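Please work through the following exercises with the sequence and the coordinates open beside you. Each task is followed by a solution that goes step by step.

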Amino acid sequence: MPHAEKVLASQTEDALALTYAGHHIAYIGREYQKGLTTLKRAAALNPNSGTTEMLLGWVNIYMNENEAAIAHLNRAERLSPLHPHIAILHGGIGNAYFQMGQPERAVAFYEQAMIEYPEFASNQLLLIGCYWELGRRTDAAWMADWLRAKVPDMTVQTFVETRPQHSVDFRAQMVAALRATGFPDQ
């Protein structure tokens, strides 16, 4: 956080520095509005940055502003269809749909993201919840085993403490899916 705050204090016109500082402030610092404001400033300085649009999308996800998130993430993909973090972008769209109560739409984006970046644990984690919500118990269990192999100390408490999303329903669905697929509470 001190580095992100230093970027803000510098009054920089560096859009990329502001982009990363804004996301850091929202994700790590949980100061969502401050992070969003910083990212909007970055977007004003460089309106054609796929990275800025992608992270604007993610901060909107944290704030449970899912339609705005999808709009930013779709714009990011139009601006940068070969973005090096395209899987994170697609996972974000999946996350927004999941939070909107549309796990069937979310799964398509998560599965695409898994093809693009199969080792990204967030997509594995959230696929567990989507599969569980859709009644795809075998797929949920398989994805849970895959995630456990990657993150053997994963617990429900870890999920609750580390995920910045505010959606109460999303968090409850994920907690239920994690418990049902064998993750311990602590």
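**Exercise 1: Backbone angles in two loops**

Arg30 is found in the loop between H2 and helix H3, the latter covering residues 32–45. The model is a predicted one, and the first task concerns loop residues in it.

Task: determine what sign phi has at Arg30, and state whether Arg30 counts as buried, partly exposed or exposed.

Solution. Begin with the backbone: Arg30 has a positive phi of about 60 degrees, although Arg30 is not a glycine. Turn next to the surface, where Arg30 has a relative accessibility of 30% and therefore counts as partly exposed, since that class lies between the limits of 20% and 50%.

Then treat Gln11 in the same manner, beginning with its place in the loop between H1 and helix H2 (15–27). Gln11, which is not a glycine either, has a positive phi of about 55 degrees. With a relative accessible area of 57%, Gln11 is exposed.

**Exercise 2: Separation in sequence and in space**

Task: find how far His3 and Ala21 are apart, C-alpha to C-alpha, and how far Leu134 and Arg41 are separated by the C-alpha measure.

Solution. Start with His3, which is found in helix H1 (residues 2–9) and which, at 65% relative accessibility, counts as exposed. His3 and Ala21 lie 18 residues apart in sequence, and the distance between their C-alpha atoms is 7.8 Å.

Continue with Leu134, whose place is the loop between helix H8 (121–133) and helix H9 (137–150). Leu134 and Arg41 are 93 residues apart along the chain, and their C-alpha atoms are separated by 39 Å. At 33% relative accessibility Leu134 counts as partly exposed. If residues up to four places away in sequence are set aside, Leu134 touches Pro103, Glu104 and Val107.

**Exercise 3: The nonpolar interior**

Task: identify which residues of the largest nonpolar core touch the most other members, and list what Phe183 touches beyond four places in sequence.

Solution. The largest nonpolar core holds 47 residues, and those touching the most other members are Met54, Leu125, Ile128, Phe159, Met174, Leu178 and Phe183. For Phe183, with residues up to four places away in sequence not counted, the partners are Ile128, Ala144, Leu147, Arg148, Met154, Val156 and Leu178. Apart from the largest core lies another core, of 7 residues, among them Ala15, Leu18, Ile25 and Ala42.

**Exercise 4: The chain as a whole**

Task: describe the chain through its secondary structure, and explain why its radius of gyration agrees with that of a compact globule.

Solution. First count the elements, which come to 11 helices and 0 strands, so that the order read from the N terminus is α-α-α-α-α-α-α-α-α-α-α. Next consider the dimensions: the C-alpha trace spans about 50 × 35 × 25 Å along its principal axes. Because a compact globule with 186 residues would have a radius of gyration near 16 Å, the 17 Å of the chain agrees with that expectation.

Then turn to packing and surface. Of the 186 residues, 48% count as buried, and among contacts between residues at least 6 apart in sequence, 58% join residues at least 24 apart. The accessible surface comes to about 8800 Å², of which 55% belongs to carbon and sulfur atoms. Finally, for the charges, the mean positions of the 15 positive and 19 negative ones are 3 Å apart.

Definitions and conventions: Residues are numbered from 1 along each chain as its sequence is written. This is a predicted model: local features need pLDDT of at least 70, side-chain atom pairs count only at pLDDT 80 or more; totals for chains, interfaces and linings use all residues. Side-chain values use heavy atoms; hydrogens and water are left out. Helices (H or I, at least four residues) and strands (E, at least two) are DSSP runs, numbered from the N terminus. The radius of gyration is taken over C-alpha atoms; the globule rule is 2.2 Å times the number of residues to the power 0.38. Buried means under 20% relative accessible area, exposed over 50%, partly exposed in between (1.4 Å probe, protein chains only). Contact means heavy atoms within 4.5 Å. Accessible areas come from the Shrake-Rupley method with a 1.4 Å probe; for residues, only the protein chains shown count as cover. Lys and Arg count as positive and Asp and Glu as negative; His and the chain ends are not counted. The place of a charge is taken as NZ of Lys, CZ of Arg, CG of Asp or CD of Glu. A nonpolar core is a set of buried Ala, Val, Leu, Ile, Met, Phe, Trp, Tyr and Cys residues joined through side-chain atoms within 4.5 Å.
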